[in-house]
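Reader: I'm new to this one. Could you walk me through how to read it?

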Amino acid sequence: MARTIAKDHDQKRAQILKSAAKVFAEAGYDRASMTQLARECGISKANIYHYYDSKDAVLFGLLDTYLSDLRDRVCEVELDGYGPQERLRRIVSEILLAYQGADHEHQVQLGAMGSLPEDQQKHLRGYQREMVQFMSDALRAVAPEIFDGDSTKLRGATMSVFGMLNWYYMWNTGAGSKAREDYARLVADLTLHGVKGL
């Protein structure tokens, strides 16, 4: 007889992934153990194995959930009715706001994704590529006279914007929405004024 799925199945999985983000970020993925994860979750190791059959499966579940949700939030931001510059501002702001409360997940993404099998890394990089393309399209629309026909320059500008955003958690841990919106404006201003000088 097939085992029925508990009513709180999705909630338990989410709890395990949130706890895993903290444990993997603080201990380092290679050094973290399922025992530490069980202790952080407040459940038994056997219970964790009911949801995930290995530490790698937990890592993939964590990053797949985090990056797919991030991709959806960023790429579905409302842009109708806005000009190119305001679209860029909204995208930059949405990325920083989406990072809020996910410092551990972000840190694990940057530091542990390479521990997964190549096919899983490729799957996860697909989410990243979609966000990079979304940002790249927004930048091209701001200055088509600069970026059209120069993919190297466009990629450099795109990755520079992500560089300014991706390391924010390192020097402003726990920043609230207001601080993130202020920094998003700074990044957008630097970008918009900078591309005009290229």
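Author: Go along the sequence and the pattern reads α-α-α-α-α-α-α-α-α-α-α. Keep in mind that this is a predicted model.

Reader: How many helices and strands are there in the protein?

Author: The protein has 11 helices and zero strands. Its C-alpha trace spans about 65 × 35 × 30 Å along the principal axes.

Reader: And what share of the 198 residues is buried?

Author: Buried residues account for 45% of them.

Reader: Now, how do I look for empty space?

Author: The general idea: roll a probe the size of a water molecule over the atoms, and you see where empty space is left. In this case the count is one cavity of 30 Å³ or more, with a volume of about 40 Å³.

Reader: Which residues line the largest cavity?

Author: The lining is made by Tyr99, Asp103, His106, Leu165, Asn166, Tyr168, Tyr169 and Arg180. Helix 6 (103-112), helix 9 (151-166) and helix 10 (168-171) each give two or more residues to it. Sorted by class, that lining has four nonpolar, two polar and two charged residues.

Reader: What about the surface? Which residues form a nonpolar patch there?

Author: Look for Leu110, Trp167, Met170 and Trp171, which together have about 460 Å² of accessible area. Leucine 110 sits in helix 6, one of the helices that also help line the cavity.

Reader: Why is leucine 110 called partly exposed?

Author: Because its relative accessible area is 37%, and partly exposed is what lies between the cut-offs of 20% and 50%.

How values were computed. Residues numbered from 1 in each chain as written. Predicted model: local features only at pLDDT ≥ 70, side-chain atom pairs only at ≥ 80, totals over all residues. Heavy atoms only, no water. 1 Å grid on protein atoms, 1.4 Å probe; cavity = no way out; pocket = protein on both sides within 12 Å on 5 of 7 lines; lining within 4 Å. Points joined across faces, edges and corners; volume = space filled by probe spheres on them. Helix = DSSP H or I, 4+ residues; strand = E, 2+ residues; numbered from the N terminus. Nonpolar A, V, L, I, M, F, W, Y, C, P; charged D, E, K, R; others polar. Patch = residues over 30% accessible without salt bridge, like charges linked within 9 Å, V, L, I, M, F, W, Y side chains within 5 Å. Areas by Shrake-Rupley, 256 points an atom, 1.4 Å probe, with all protein chains shown as cover. Salt bridge = Lys/Arg side-chain N within 4 Å of Asp/Glu carboxyl O. Buried < 20%, exposed > 50% of the residue type's maximum accessible area, 1.4 Å probe, protein only.
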